[in-house]
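Please open the structure in your viewer and keep the selection panel at hand. The tour below goes from stop to stop, saying what to select and what is there.

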Amino acid sequence: MASKTPSAVRGTLDVLPKDSYKWQYVERVLMETASLFGFSEIRVPVFENTDLFQRSVGDTTDVVNKEMYTFEDKGGRSITLRPEGTAGTVRSFLEHGLYNEALPVKACYVLSCYRYEKPQAGRLREFHQFGVECFGAPSPVADAEVIAIPYLAFERLGIKNIQLKLNSIGCPECRAKYLEALREFFSSKKDELCETCNERLIKNPMRILDCKSPVCSKIAEDAPKMLDFLCDDCKEHFETLKSLLDAQNIPYVIDPTIVRGLDYYTRTVFEFVSTDIGSQGTVCGGGRYDGLVSQMGGPYTPSLGFAMGLERLIMVMESQGCEFEPDEPIGIYIAPMGQAASVKALKLCFDLRQEGFSAITDTVGRGLKAQMKYADKIGAKFVLVLGDDELEKGVASLKNMKNGEQTEFDLNNGVQSFYDAFMASAYAEMENSVEKGI
Ligand code: HAM
């Protein structure tokens with residue numbers, strides 16, 4: 001009896017070969033954009049010691065409390081699949097003493113993340129983030145630059161209608177007064193709050209502002225706002241940031257309800273939100289975490305960053321009909337007829353690949369007609385048919401699939417023949433587009 005075919009774990013997605021060009025294009029544009037701001041890629045492990053996330057993301061957050069993929073490894077260590085990229089990047093920054101380098105240290109990444117959330121459109125258990133972390137930059141100029149990265153990336157990807165929401169949640173000093181005010185406010189409504197929010201009231205009342213329960217979020221609407229509690233320094237930082245965003249013509253709205261679901265933030269917090277993809281519309285979120293590096297045992301290093309969800313980003317692009325740069329088409333398909341031709345085709349393909357041309361030949365045993373159909377399907381630019389006759393003469397006919405033109409192909413000098421045809425066609429295409437004014 002045939003056994004059941006395996007299925008993917010709930011909340012995970014495959015990217016199939018026919019769609020991967022979209023991901024490659026998006027990741028390329030994002031990383032290129034980050035490099036325009038002086039960021040270089042960092043790669044950190046997919047799993048870390050559990051306490052790293054407890055200490056940084058914070059043990060009053062949903063991410064740490066409810067959503068982590070935590071397991072004991074065979075050595076009895078508690079290990080967690082990263083729910084986000086900041087903690088691992090901070091750990092790496094500390095472990096490699098990067099604070100001794102010229103600051104700011106600017107790292108960017110594309111990585112997979114794992115959160116045990118209830119899956120729905122735009123919310124997965126394995127998802128992917130592009131993000132940046134900038135270490136050692138206290139000036140609001142850094143905030144204005146970090147926010148400009150997603151803004152510019154969206155522009156370069158052709159995304160429209162994405163709103164930047166901005167807030168400041170102050171520093172530990174001014175926030176202490178705010179937390180007191182929040183505690184006082186929510187205490188009078190204790191009986192209406194959900195059970196978790198009652199715990200939050202004791203541990204971290206700011207988390208109540210994030211509660212998804214409709215009752216709690218309704219109550220939270222009238223809660224005191226952090227912006228009214230900012231100390232002079234935090235206020236000045238926020239005001240300067242606003243003027244620096246204005247200077248770059250980056251529009252934003254102040255949204256005092258943005259508090260972010262992770263514990264490490266100080267001062268600036270922001271989100272880019274789209275209304276085109278349903279309830280999971282936050283495509284990008286980030287902010288400052290001035291105290292995190294020192295809290296993790298390093299020197300005081302004011303830092304900031306953001307991350308955007310790639311699945312959500314691609315959903316927005318698809319819903320807005322944005323274009324994704326396609327893969328380079330296959331250069332040549334070589335269709336052999338017979339055993340000897342098959343060997344020659346294989347060798348020709350290898351020679352061409354050594355020169356950097358993509359070349360495909362038959363690996364299925366198809367007849368000529370079926371091979372031509374296949375060559376068409378994979379979008380080969382040129383097709384070369386090889387039979388005994390061609391092998392004997394040492395000459396074959398190379399067909400340009402776009403315009404049907406045939407040129408002579410010297411089998412004993414295959415790479416040069418192909419190069420000539422390829423360049424001639426590229427030149428003709430260029431002339432054509434110049435004529436059309438493209
Ligand atoms: P976050 O807001 O938790 O922040 O996640 C950033 C982005 O990841 C979200 O805006 C969303 O697009 C995407 N995302 C989060 N959870 C899911 C999910 N379950 N399924 C699909 N996409 C998801 C952070 O992770 C911070 N580390 C950002 C940061 C970096 N702050 C400073 N530096």
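The stops take in two sheets, the helices beside them, and several aromatic contacts.

The model is a predicted one, in which local features need pLDDT of at least 70 and side-chain atom pairs count only at pLDDT 80 or more, while totals for chains, interfaces and linings use all residues. Residues are numbered from 1 along each chain as its sequence is written, and side-chain values use heavy atoms, with hydrogens and water left out.

**First stop: the sheet of 8 strands**

Select the strands in the order S1-S5-S6-S11-S10-S9-S7-S8, which make up an open sheet with mixed pairing. Helices (H or I, at least four residues) and strands (E, at least two) are DSSP runs numbered from the N terminus, and two strands pair if DSSP finds at least two bridges between them. Strand S1 (40-41) and S8 stand at the edges with a single partner strand each, so one side of each is left without a neighbour in the sheet. Now restrict the selection to S6 and strand S11 (residues 303-309), which pair in the antiparallel sense over 7 bridges; Glu133 has Gly305 in S11 as its bridge partner.

Add helix H5 (residues 140-157), which lies across strand S5 (105-114), S6, strand S7 (162-168), strand S9 (266-274), strand S10 (282-288) and S11, and runs at about 15° to S11. Such angles run from 0 to 180 degrees between N-to-C directions, the axes being lines fitted to C-alpha atoms, for helices over the stretch in contact.

**Second stop: Gln248**

Select Gln248, in the loop between H9 and strand S8 (253-254). At 35% relative accessibility this residue counts as partly exposed, on a scale where buried means under 20% relative accessible area, exposed over 50% and partly exposed in between (1.4 Å probe, protein chains only). Which residues is Gln248 in contact with, leaving aside its neighbours within four places in sequence? They are Ala144 and Ala148, where contact means heavy atoms within 4.5 Å. Glu145 is 103 residues from Gln248 in sequence, yet their C-alpha atoms are 9.3 Å apart in space.

**Third stop: aromatic rings**

The structure holds 17 aromatic pairs; rings of Phe, Tyr and Trp (its six-membered ring) pair if their centres lie within 6.5 Å, and planes under 30 degrees apart count as stacked, over 60 as edge-to-face and the rest as tilted. Select Phe93 and Phe135, a stacked pair at 4.2 Å centre to centre with 15° between the planes. This pair links distant parts of the chain, with Phe93 in helix H4 (residues 86-95) and Phe135 in strand S6 (residues 126-135), 42 residues apart. Phe93 is buried, with a relative accessible area of 1%, and Phe135 is buried with a relative accessible area of 1%.

Move to Tyr178 and Phe229, which form a tilted pair, 5.3 Å centre to centre and 55° between the planes. Tyr178 belongs to helix H6 (residues 172-187) and Phe229 to the loop between helix H8 (214-220) and helix H9 (232-247), 51 residues apart. Tyr178 is buried at a relative accessible area of 2%, whereas Phe229 is partly exposed at 27%.

For a wider view, select Phe93, Tyr99, Phe135, Tyr264, Tyr265 and Tyr289, which form one aromatic cluster.

**Fourth stop: the sheet of 5 strands**

Select the strands in the order S13-S12-S14-S15-S16, which form an open sheet with mixed pairing. The edge strands, each pairing on one side only, are strand S13 (359-361) and strand S16 (406-410). Neighbouring strands here are turned by 25° against each other on average, direction ignored.

Strand S12 (residues 332-336) pairs with strand S14 (residues 382-386) in the parallel sense over 5 bridges, and Tyr333 stands opposite Val383 in S14. S12 and S13 also pair in the parallel sense, over 3 bridges, with Ile334 opposite Thr361 in S13. Both faces of S12 are covered, since Ile332, Ile334 and Pro336 on one side and Tyr333 and Ala335 on the other are all buried.

Finish by showing helix H13 (residues 368-377), which lies across S12, S13 and S14 and runs at about 170° to S12. Helix H15 (residues 414-436) packs on the sheet as well, touching S12, S14, strand S15 (395-400) and S16, and its direction makes about 155° with that of S16.
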